[in-house]
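Reader: I am new to this structure. Please show it, and then I will ask about the terms.

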Amino acid sequence: MKNKESFGSKFGIIAAAAGSAIGLGNIYRFPCEAGANGGGAFFIVYLAIVLLMGLPLMVTEFVIGRRSGKNPVGAFKSLAPGHKGWARLGYLGVICSFLILAFYCTVAGWTIDAVWKAITNYYHGKDLATVQFGFDSLKEETWQPIICEAVFVFLTAFIIIKGVTKGIEKYSKILMPILLGILIILGIKALTLPGAAEGVKFFLKPDFSKINGTVVVNALGQAFFSLSIGMGILITYGSYIAKNDNLTSTAFSVCICDTIIAILAGIVIFPAAFSFGITPEAGDSLAFVTLPMLFNQMAGGYFFCLFFFVLLTIAALTSSISLLEAPVLYFTEELGISRKKATTYSAIGVFVLCIVASLSLHSDTCLKIGSFSFFNLLDYITATFLMTIGGLLTVIFLGWKMKKEDFYDEFTNDNTVNMRLRKAMYFIIKYISPLAITVILITQFIK
Ligand code: TRP
């Protein structure tokens, strides 16, 4: 086992993992998915999945990481020597990171565009149709989104090359609570808008008849995406966790933080959207049109808007650095390439994919399959299949390939914590999670 520097404090690792988890997934993607999948029905399934599958998988990744002290590729190699195939699971994570990043940087580009619009007071006094038109035309543009994406990819790569990831995480310990504070203020404002009650009902009142296979598979994908699990990224984080930290309570705290932000985003966006007459199926516009319209209605809206989108960009950055770190770690640790080169090449690769993704959103594009643009395809393939299959194989690895004693030792910090929980957790990881994910995936494949 390698002797690695571990995170200074328990709070440090929670902040870092929460930094990876909290991002566009919570504020942009969660409302899109909830809106498209029936609101309350989706919400209840999502919560159940976070608790029953997300948490155990996060614990699994932490256990594998801390046990091996390595990056995902190295971890699978060292914990199952002689089973070469398992290292491929690490590669899957590396590929998946690239694809997610391309999607992610496109959306982050819109966020940077929103920062610019906030600075120049573009939104001020505009009506819904105009703000909507502005956002739709951004997607039709060629250069503007690409420039914004370039800024974001550059910032991500810069942070990684400079090796100041920890520094950013230190700031985000202060900044993310501020984001939370703004969301709470926005929530209060949104809930007092005329017609807000309909939005609350849509988001929180489960209509059980709307739960079907698609809702469940989308909730599963959203949970994995939002918690940053299923592609081995948290294995790396696990390798930095101190030996005496309680992995379960750490994972639990991360899941709670991430879920609170997602719920708040829903409580802000749906009441406001219903009040302004934006449909819950509006997708991208839910975040990028509803929120500016909400700021427009507030005293001090200029500053709230600016602050909010800046903080959202930072939240996106703490996620994108964790995503880019995956290929970079692989290139440096397994292939021996320098960090600077590894980062530069990875960033260029991501940027190229990202350009294709944003061009595929033009209405006259040929970059689509059926009604699926390349952008949607990236999202669909990663969240619906790659991450869920990655998560499935990870729990199978722990349950069926690793020694049970190794899991118990790591999970209980050598028999000092969680003694009563260990059997139940092992049972869930070994039997329940694999079975549940398989059933969900098969229903989707059949469709
Ligand atoms: N969880 C992040 C979000 O919600 C996105 C993200 C960061 C991610 N790292 C990841 C998704 C690793 C999957 C895997 O915005």
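The questions below concern the ligand and the overall form of the protein.

Author: This is a predicted model, in which local features need pLDDT of at least 70 and side-chain atom pairs count only at pLDDT 80 or more, while totals for chains, interfaces and linings use all residues. Residues are numbered from 1 along each chain as its sequence is written, and side-chain values use heavy atoms, with hydrogens and water left out.

Reader: What makes a contact between Tyr104 and the ligand polar?

Author: A polar contact is a pair of N or O atoms within 3.5 Å. A polar side-chain atom of Tyr104 lies 2.6 Å from an oxygen atom of the ligand, so the pair meets that cut-off. Ala21 has a backbone N or O atom 2.8 Å from a ligand oxygen atom.

Reader: How do you know how much of the ligand the protein covers?

Author: Accessible areas come from the Shrake-Rupley method with a 1.4 Å probe. On its own the ligand has 360 Å² of accessible area, and the protein covers 100% of it.

Reader: Why does the shell around the ligand count as having no charged residues?

Author: Asp, Glu, Lys and Arg count as charged. The shell has 9 nonpolar and 8 polar residues by class, and no charged ones.

Reader: Why is the protein called as compact as a globular protein of its length?

Author: The protein has 19 helices and 2 strands. Its radius of gyration is 21 Å, close to the 22 Å that the globule rule gives for 447 residues, so the description applies. The radius is taken over C-alpha atoms, and the rule is 2.2 Å times the number of residues to the power 0.38.

Definitions and conventions. Polar contact = N/O pair within 3.5 Å; in protein donor to acceptor, adjacent residues only side chain to side chain. Helix = DSSP H or I, 4+ residues; strand = E, 2+ residues; numbered from the N terminus.
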